[in-house]
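Biologist: I would like a close look at one part of this model, the largest cavity, and then at the rest of the chains as far as it helps. Which residues come closest to the centre of the largest cavity?

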There are 2 protein chains.
Amino acid sequence: MFFRTVCSCLLIITRRKSVHLLPSSSLFFNKSKFYSSWGSTKDHRNFKVKLSLFMDPKSEEILAPFRASVKEQGDLVRSLKADGATEIEIKKAVAELKVRKKILEDKELELAPAAATFDRAKMEDLLKRRFFFDQSFAIYGGISGQYDFGPMGCALKANMLNAWRKFFILEEQMLEVDCSILTPEPVLKASGHVDRFADLMVKDVVNGECFRLDHLIKAALENIARDKKTSEEVRTECQDIVIKLDGMTKDDMSAVLKKFKIRSPLTGNELTEPIEFNLMFGTQIGPSGLIKGFLRPETAQGIFVNFKRLLEFNNGKLPFAAAQIGNAFRNEISPRSGLIRVREFTMAEIEHFCDPSDKRHNKFKNVRDTKMLLYSACNQMDGKSAELKTIGEAVDTGLVANETLGYFMARIQTYMIRIGVDPSRLRFRQHMSNEMAHYACDCWDAECLTSYGWIECVGCADRAAFDLSQHSKATNVRLMAEKKLPQPKTISVTEIQPNKPVIGKTFKQKAKAIVDVLSSYSIDEIMSFKNKLEADKEATILIGEEPIKITQEMASIKMYDKVVHVDEFFPSVIEPSFGIGRIMYALFEHNFRFREGDEQRSFFALPPLVAPIKCSILPLSSNAEFEPFVIKLSNALTNLNVSHKVDDASGSIGRRYARTDEIAIPFGITIDFDTLKEPYSATLRERDSMSQLRIKLEELPGVVADLADGRLAWSDAQKKYPKFEQQESTKHGEE
Amino acid sequence: MFFRTVCSCLLIITRRKSVHLLPSSSLFFNKSKFYSSWGSTKDHRNFKVKLSLFMDPKSEEILAPFRASVKEQGDLVRSLKADGATEIEIKKAVAELKVRKKILEDKELELAPAAATFDRAKMEDLLKRRFFFDQSFAIYGGISGQYDFGPMGCALKANMLNAWRKFFILEEQMLEVDCSILTPEPVLKASGHVDRFADLMVKDVVNGECFRLDHLIKAALENIARDKKTSEEVRTECQDIVIKLDGMTKDDMSAVLKKFKIRSPLTGNELTEPIEFNLMFGTQIGPSGLIKGFLRPETAQGIFVNFKRLLEFNNGKLPFAAAQIGNAFRNEISPRSGLIRVREFTMAEIEHFCDPSDKRHNKFKNVRDTKMLLYSACNQMDGKSAELKTIGEAVDTGLVANETLGYFMARIQTYMIRIGVDPSRLRFRQHMSNEMAHYACDCWDAECLTSYGWIECVGCADRAAFDLSQHSKATNVRLMAEKKLPQPKTISVTEIQPNKPVIGKTFKQKAKAIVDVLSSYSIDEIMSFKNKLEADKEATILIGEEPIKITQEMASIKMYDKVVHVDEFFPSVIEPSFGIGRIMYALFEHNFRFREGDEQRSFFALPPLVAPIKCSILPLSSNAEFEPFVIKLSNALTNLNVSHKVDDASGSIGRRYARTDEIAIPFGITIDFDTLKEPYSATLRERDSMSQLRIKLEELPGVVADLADGRLAWSDAQKKYPKFEQQESTKHGEE
């Protein structure tokens, strides 16, 4: 349930909010010049925390009033809550708090030391030119929010997912499932998506163009505020509304539309009243047109509805985790921001089921000392920065709710860094109590800093028993687990004993529904039924909306003692949920580099683990003598399952290196005239350092396989094999 | 475009046919007792051709009249074609031919030597009980044609796909893509799916229940024919219609409905007229409700619409192949037959693009000697059996159209056998000319024999340039490749030169459409336009449906010579298309075994390559001393990426072996009291032979990894390590 916050918010505030994603029209954030401390070819994968953590004193001085402003508002929210203020008052105060937080955050980013500027247009050009990904159906004009992954994007994605499978499913022996995408309505009704997974929108009454309401109001009021003719009073009002937009109801926004006479931006036409637009793609299953279905908006529900089978597969024992990798779909009103907000995306979700009274994790000791950048709800309210802490400390002090949640947070961080996320641009942000679903008890998002701001890439929530109990209610199937009691206990049972023959005779087809209702009663309902039956000799029950009279002849109340050996309970669910496309986008930004002094030679410094292709084979020229060596090396690499690319095009070796660098190939074998002489050998070049070694052909495929799989580090290879002296700079000069 | 035959048929006969799948209500085929020569625990993966190839003379005697009957009809079809008979006459004759073929095939299966009976119910029980797969949303009542894969099915599927990726994409350096599932209407309009991807159905006028028309008629007429009161004449007529059903039009079938007064089977209500029901799931993309989209019915179109990007990625060079693994969706009217006919399924498709004038393949020499069971169109017409031939011979004699097609057929066979398909139940059946899409020049289906009959699992077609030219027409984007001419050639160009200023002034917004139309004219259209313009001083053209007058002032005709250096052409496409769910189902049937003499001990003999879990670790008892060894082994296996399962439940070792056999775990490590003594060692057991070796703990994880990855055969391990003497039979007896 990645992005569930989205859905969860709905459960509280009736409409979806995009809390973590800075709108691209942000007033405060200059996207094209995004300052941070990277951009050189140096490897930043070692753990250094730079951004928004350690500010120099001068910057802190500038930030002080912003921090104070956040804290002031945080304190207001706390006191409103303590004083039992109304929900709407609290919401408004929280909306203001968020805006102040965002201003502070932008200021922090602005003040962070700038080593280079990030040029998103250049990166996007490279991604498009080498077909990492591109718009779907472009020859038909394309559809926004849909992307096709080309060979490089597809291989990167497959490698990320393979690494995920090994790191989570294999290492933790999780139960992987692969469930249907088409989901019948009742399932998503129970999960809350049918009723609440919606955004507010308005339509142009003439041409039918649709606008997401909050985006539209924000843009319109910003325009008004910018207008020189606008009075200071109106300007303040506009800014005030923009700040409070997140907390507004449908009616509030409708009033704003009217007050400011907001119209369709391009045509100037009238707009409809706000409409709640459900974000799920609907369809009909089967030919009758009667079975309504949706494309799943998340993969998690497939796991919940299979809970009983999975528990049985695990021999009835808790804890266990199930996982699923698959596509989910959301019909965004106006998708933008490239891979970050799309209509079709791949998720990888884990649902860890455990005893709600015991959320310890037997491998927590292995991760206890992992240092993480934690941005607690409390710090967010106080205007403070994220803090570096060990996860052990965070769990011990209760900042992170329990060991299992903490264990997964640490594992998520290790995975993210291993696949190439820059640790200095990764943080875990705790949901503030008003963002969190009402059923969740703690939730942390792994966020990556990109030129779009901090974006949520992985959600990690303790969701308690919400989904299992919802599906149980909807289906009457008890999605519960059992645990053996230390000793048997005696419980008193009170139940309604229906006289089935009489009920059957009296009510015919309705009999079963009546018996079901009687057996579904809670103890309070049973007692009230009993009292009525005794007082009036009959009691009225509801079957759907139809009242049915039950007489004393039809039912009696039975009370008895029963010895039980097990306790039945709804398991708690801890849910790490990965948005693969967003993580991939963060990887692109975090690994985009230029060669020093050459703005034209851009490349991706992706780790070998996820690099789309592990090795290139480059014959120095088209000399026919090279060919048998190329074929032999290629076959040997294939046998070792090393993906590789032969580039025998013309062009200098430097130019061809640059071409393989662009698609992130970490290792390159060059076959030159020395290769033809005994002892046969070739050059092996590493992408990031551009350093080269000379290695015998018989050893070379094995060395490349070890480097590609991470069994051998380049620095160790450098100790073992002689350096190749001809420098690439020379070759580059030859071009 | 797996199952494309389906779609292709439509292109000819206006409705979809399921040619290869025996309907489960078949008159001729006894499903529950399915005879073949397996069922023992012996490994049948060595290549032996038994079924329907070599019949004993007595069986051949029985089959002779059936073969003659097919040949007679085949000859009739041939002569009808030669005499230029009408399409409908040919169709009817072909329908009859197919029925005779089917009767012959069923007879062959019936006569094949029976070593054991296959019990589908037992296999399905095991698949369900150990959660290989099961119905989706079962707690909500489920939806037919949708399945969820549990941990074992999911791992098997992932292993099949990984093997596929290595075998095809990595070895052939194909370009893998991952395209959108939601597809806008115009794309599927161009591919022919919007208009022709439909089945005929009728509805119960009262309750709206839907029936696939051909299935309904067949069942109804079979009922009538079975009725004792039915006259011999009517019985013959019914049988005749059932035979011809495949070739009938909508009107023919409507007449049958009326003539036999066929009604809704359960309710006896009236039925509607036949309706063409498109099998694609429709939805709306975006909030306006105006962009109509479908869930893709195959993955291939995503590759075709990306052709230009892929060609560019390959530096403009042919041949190259692109591949895609992904889900596709078909809204079947009444899905049945388990995994074989479903609404949501995974496909793996390859589109190999090549020069239409050169379909040689540079690796064909590597597969030339591969022996394959080929069931040619010619043999099908003549009532002959499939024949065992090398693919080299088949290509040389022109039976298989070209090397590239032959290369892929051989590769498909190798892949199928490697993952566990029984070679004796695998054949390649050539499409008869009437089954084949009109644009395809040759098509072979890899079919697996199952208890449902021979089912199409992989299609392999030479599709010529159909899709690329369709999408080019629809978009005006030229999806073509270029090849350098041996020497430049001079061509004469004739084109209409529009006078843009005049057209613009006269027609305003319509000007662009007019210029586009004029530039899209073929040479014939240009000449006719020229003649009119010269004769009448004006010519009328159509913009959409609006006639527009073009005067001599607005356009002139230009003729000139041009030197060209390249030839532009639409590449041909060879398409292997794998239905993963169907292959998986064949794997289940082909690898379902019983222990000799124990009908209760069933298991799956899946090859280690695809087995869901590679190894089990079983401590002999719950003795605490075993635990550190279990943990150490488990960690070592994880480090080697060997999936494994620890089963420390109580129960005899024999019972636990049986449990791991059920989920196809090929290797089992048992930790016993000897393990505790130096030199530490444990028992390794192989599933199919149940033989056991004693191996030192330090070597064990490596040995298991080698066995699991196929680097080491069990027979070689047996030569290297001592046999473990205590026989399982004893242990089994202990239970």
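Modeller: The answer below begins with conventions and the chains as a whole, goes on to the cavity, and ends with some single residues.

This is a predicted model, in which local features need pLDDT of at least 70 and side-chain atom pairs count only at pLDDT 80 or more, while totals for chains, interfaces and linings use all residues. Residues are numbered from 1 along each chain as its sequence is written, chains are lettered from A and ligands numbered from 1 in the order written, and side-chain values use heavy atoms, with hydrogens and water left out.

Chain A contains 26 helices and 30 strands (DSSP runs numbered from the N terminus, H or I of at least four residues for helices and E of at least two for strands). Of its 735 residues, 58% count as buried; buried means under 20% relative accessible area, exposed means over 50%, and partly exposed lies in between, with a 1.4 Å probe and protein chains only. The exposed area of chain A is about 30500 Å², of which carbon and sulfur atoms supply 52% (Shrake-Rupley method, 1.4 Å probe; for residues, only the protein chains shown count as cover). Among contacts in chain A with a separation of 6 or more, 71% are between residues 24 or more positions apart; a contact means heavy atoms within 4.5 Å.

A turn of 180° with a shift of 0.0 Å along the axis lays chain B on chain A with an RMSD of 0.2 Å (least squares on the C-alpha atoms of residues with pLDDT of at least 70 in both copies). This is the relation of a two-fold axis. In chain B, the residue closest to the rotation axis is Thr283(B), whose C-alpha is 2.8 Å from it. The copies meet through the same surface, because 100% of the interface residues of chain B are also interface residues in chain A.

Now the cavity. The largest one holds about 710 Å³ of space. The search uses a 1 Å grid over the protein atoms alone: a cavity is a set of points where a 1.4 Å probe fits but cannot get out, and lining residues have an atom within 4 Å of a point. Grid points are joined across faces, edges and corners, and the volume is the space filled by probe spheres set on the points. To answer your question, 32 residues line the largest cavity, and those closest to its centre are Leu161(A), Ile325(A), Leu161(B), Arg165(B) and Ile325(B). Two or more lining residues come from each of helix H5 (151-172), strand S5 (175-177) and strand S12 (320-329) in chain A, and from each of helix H5 (151-172) and strand S12 (320-329) in chain B.

By type, the lining has 13 nonpolar, nine polar and 10 charged residues. Here Ala, Val, Leu, Ile, Met, Phe, Trp, Tyr, Cys and Pro count as nonpolar, Asp, Glu, Lys and Arg as charged, and the others, Gly among them, as polar.

The loop that leads to S12 has its own features. In chain A, Leu318(A) and Pro319(A) are joined by a cis peptide bond with omega of about -10°, and Pro319(A) sits in the loop between helix H12 (307-313) and S12. In chain B, Asn315(B) lies in the loop between helix H12 (307-313) and S12. Asn315(B) has a positive phi of about 55° although it is not a glycine, and it is exposed, with a relative accessible area of 51%.

Other backbone features lie elsewhere in chain A. A cis peptide bond with omega of about -10° also joins Glu678(A) and Pro679(A), the latter in the loop between strand S28 (667-671) and strand S29 (681-686). Phe131(A), not a glycine, has a positive phi of about 50°. Phe131(A) belongs to the loop between helix H4 (120-129) and strand S3 (133-135) and, at 2% relative accessibility, is buried.

Tyr407(A), in helix H16 (residues 403-419), is buried at 2% relative accessible area. Beyond its neighbours within four places in sequence, Tyr407(A) contacts Glu172(A), His361(A), Lys363(A), Phe364(A) and Val367(A). Val367(A) is 40 residues from Tyr407(A) in sequence, with 6.6 Å between their C-alpha atoms.

Conventions. On a 1 Å grid over the protein atoms alone, a cavity is a set of points where a 1.4 Å probe fits but cannot get out, and a pocket is an open set with protein on both sides within 12 Å along at least five of seven lines; lining residues have an atom within 4 Å of a point.
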